[in-house]
Amino acid sequence: MLVNAKEMLDKALASHYAVPQFNINNLEWTKSILLACEETKSPVILGVSEGAGKYMTGFETVAAMVKAMDKSLGITVPVALHLDHGSYDGCYSCIKAGFTSIMFDGSHFNIEENVEKTKELVAAAHKAGLSIEAEVGSIGGEEDGVVGMGECADPAECKKIADLGIDFLAAGIGNIHGVYPPDWKGLSFDTLAAIKEQIGEKMPLVLHGGSGIPKEMIQKAISLGVAKINVNTELQLVFAAATRKYIEAGSDQKSKGFDPRKLLKPGADAIIEECKAKIELFGCANKA
Ligand code: G3H
Ligand code: ZN
């Protein structure tokens, strides 16, 4: 069932677990994620970056595919279809296309402009029944052309954005998109605690760059108010590794290993297993 993400995140925050945002790139990705979440009875947020949306030929195609697949697979767990790191225009396109949730990433604007645009988009999203995430501070690294310096968010600025009526807040706390470098300093839990102090108990926090963060840090972040964790790179890595292994093992004409339904299966299965591992780590199994 497609829903907006507010209720699932409020529940997660109150019960001390996190809902995964798994980013999708194509039909196989979407199917694997939905199957893993249905099997484990976990709520899920399907994240779509602007680049991935373009790759899948547009947000309308994505919304149509997700809605049809949700129905044809008989998915019973709550599923939110969410724009990831959206631009101002991208947010309006997704509202129109039938997404159930958006993220406006105004972190590269100065705080006044971030406030102004977020405020307008909160009204537009809520009017259409969507939930909305906003961002303060920047996530380091690069994801689909969204580049961040990785500076930690200013707790006072977090309060300014949180007070606009957003449903959940992404704040940079030393997290990085992509693979973490060996000299990464870890998450700044002092920043996280200071942000929580400013924004209050009721605002779910979002941890971006969820690939490869050590288990103990994930658990501590959840205990301090993180209720949504975004994972993209790790699914790409397991898909690529499983596909490479299949190809390198060789396949002859007779086994028809060139058939895309066979060729893409090991990668699709690897995504299912990785999602299940994250669901266990985030504590969201049987929370649907
Ligand atoms: O917005 C999406 C994420 O923050 C995913 O980050 O690719 O490092 O897992 P990741
Ligand atoms: Zn992100």
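This passage describes the confidence of the model, the surroundings of its ligand and the packing of two helices.

The structure is a predicted model. The protein chain has an average pLDDT of 95. A score of at least 70 is reached by 99% of the residues. The ipTM is 0.99 and the pTM is 0.97. In general, predicted coordinates should not be read in detail where pLDDT is low.

Ligand 1 is surrounded by 16 residues. The closest are His208, Ser211, Asn230, Asn232 and Thr233. Three elements give two or more residues each to this shell: strand 3 (79–86), strand 10 (226–231) and helix 10 (233–248). Polar residues account for 12 members of the shell around ligand 1. Three others are charged, and one is nonpolar.

Helix packing was examined for one pair. Two packed helices are described by the angle between their axes and the distance between the axes. The axes of helix 6 (residues 111–127) and helix 7 (residues 155–162) come within 10 Å. They cross at roughly 20 degrees. Because angles under 35 degrees count as roughly parallel, helix 6 is roughly parallel to helix 7. The crossing of the two helices is right-handed.

Helix 6 makes the contact through Ile111, Asn114, Val115 and Thr118. Helix 7 contributes Glu157, Lys160 and Ile161. By class, the contact of helix 6 with helix 7 comprises three nonpolar, two polar and two charged residues. The nonpolar residues are Ile111 and Val115 of helix 6 and Ile161 of helix 7. The charged pair, Glu157 and Lys160, belongs to helix 7.

Definitions and conventions. Residues are numbered from 1 along each chain as its sequence is written. Chains are lettered from A and ligands numbered from 1 in the order in which they are written. This is a predicted model: local features need pLDDT of at least 70, side-chain atom pairs count only at pLDDT 80 or more; totals for chains, interfaces and linings use all residues. A residue is near a molecule or strand if its C-beta atom, placed from the backbone, lies within 6 Å of it. Helices (H or I, at least four residues) and strands (E, at least two) are DSSP runs, numbered from the N terminus. Axes are lines fitted to C-alpha atoms, for helices over the stretch in contact, and angles run from 0 to 180 degrees between N-to-C directions. Angles under 35 degrees count as roughly parallel, over 145 as roughly antiparallel, 65 to 115 as roughly perpendicular and the rest as oblique. A crossing is left-handed if the near helix is turned anticlockwise from the far one by less than a right angle, and right-handed if clockwise. Two residues are in contact if their C-beta atoms, placed from the backbone, lie within 7 Å. pLDDT is the predictor's confidence in each residue, from 0 to 100.
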